[in-house]
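Student: I am new to this structure and would like to look closely at a single part of it. Could you take me through the aromatic residues and their surroundings, step by step?

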Amino acid sequence: MMALMSAQEQPSNGNPFVTARAQSLFSQLDANGDGQVSQTEFESVFGSNADMTKVDGLFNALDGNGDGSVGLDELTSAAQASFAHRHGHHHHHAGVGQGVG
């Protein structure tokens with residue numbers, strides 16, 4: 001329920017499909033349902049054979065505010081940025097001056 005309430009508070013910019021997928025992924029990652037994905041919850045999804053250096057690097061990249069957990073807003077922002085980058089859309093990234101060429 002907490003994740004649903006958080007999702008309703010999020011701005012509706014970006015691709016709605018990407019937002020829905022991020023919300024679905026977030027609910028799977030947030031094992032204890034507290035509205036935040038801890039590093040332990042994140043690591044457990046990848047299993048014991050995963051390269052934890054890479055997993056932790058990804059976690060740190062997603063943890064935009066550096067508080068040690070990933071919120072729905074951080075996961076959604078990362079998903080939207082990845083989608084926009086892959087599809088050549090740059091309208092939500094003011095200040096990022098890298099063009100496609």
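Tutor: Let us begin with the aromatic cluster that is formed by Phe 42, Phe 46 and Phe 59, keeping in mind that the model is a predicted one. When the whole structure is searched, two aromatic pairs are found. One of them joins Phe 42 to Phe 46, with 5.2 Å from centre to centre and 55° between the planes, and this pair is tilted. In general, the distance of the centres and the angle of the planes are what describe a pair of aromatic rings.

The positions of these two residues along the chain are worth a careful look. Phe 42 and Phe 46 both belong to helix 3, which covers residues 39-46, and they are four residues apart, or about one turn of the helix. The third member of the cluster, Phe 59, is found in helix 4.

Next comes the matter of burial. Phe 42 has a relative accessible area of 5%, and because buried means under 20%, this residue counts as buried. Phe 59 is likewise buried, at 1% relative accessibility. Phe 46, by contrast, has a relative accessible area of 38% and is therefore partly exposed, since that class lies between 20% and 50%.

The two buried members of the cluster can now be followed inwards. Phe 42 and Phe 59 are both part of the largest nonpolar core, a set of ten residues that also includes Phe 26, Leu 29, Val 37, Val 55, Leu 62, Val 70, Leu 72 and Leu 75. Helix 2 (16-29), helix 4 (52-62) and helix 5 (72-86) are the elements that give two or more residues to this core, and helix 4 supplies the largest share, with three residues. As a general background, nonpolar side chains in soluble globular proteins tend to be buried together.

Phe 59 deserves a closer look for its neighbours. Leaving aside residues up to four places away in sequence, Phe 59 touches Val 37, Ser 38, Gln 39, Phe 42, Gly 68, Ser 69 and Val 70. Another member of the core, Leu 75, is 16 residues from Phe 59 along the chain, and the C-alpha atoms of these two residues are separated by 9.9 Å.

From Phe 46 we can turn the other way, to the surface. Together with Val 45 and Leu 58, Phe 46 makes a nonpolar surface patch of about 260 Å². Phe 46 thus has a place both in this patch and in the aromatic cluster.

A residue outside the cluster can be set beside this picture. Leu 25 has its place in helix 2 and, at 39% relative accessibility, counts as partly exposed. Its C-alpha atom is separated by 9.4 Å from that of Leu 72, although the two residues are 47 apart along the chain.

Finally, here is the setting of the part we have examined. The protein chain has five helices and two strands, and from the N terminus on these elements run α-α-β-α-α-β-α. Of the 101 residues in the chain, 24% are buried. Among contacts with a separation of 6 or more, 47% are between residues 24 or more positions apart. The chain exposes about 6,700 Å², of which carbon and sulfur atoms supply 54%.

Notes: Residues are numbered from 1 along each chain as its sequence is written. This is a predicted model: local features need pLDDT of at least 70, side-chain atom pairs count only at pLDDT 80 or more; totals for chains, interfaces and linings use all residues. Side-chain values use heavy atoms; hydrogens and water are left out. A nonpolar core is a set of buried Ala, Val, Leu, Ile, Met, Phe, Trp, Tyr and Cys residues joined through side-chain atoms within 4.5 Å. Buried means under 20% relative accessible area, exposed over 50%, partly exposed in between (1.4 Å probe, protein chains only). Rings of Phe, Tyr and Trp (its six-membered ring) pair if their centres lie within 6.5 Å; planes under 30 degrees apart count as stacked, over 60 as edge-to-face and the rest as tilted. Contact means heavy atoms within 4.5 Å. Accessible areas come from the Shrake-Rupley method with a 1.4 Å probe; for residues, only the protein chains shown count as cover. Patches are made of residues with over 30% relative accessible area and no salt bridge: like charges are joined within 9 Å, nonpolar side chains (Val, Leu, Ile, Met, Phe, Trp, Tyr) within 5 Å. A salt bridge is a side-chain nitrogen of Lys or Arg within 4 Å of a carboxyl oxygen of Asp or Glu.
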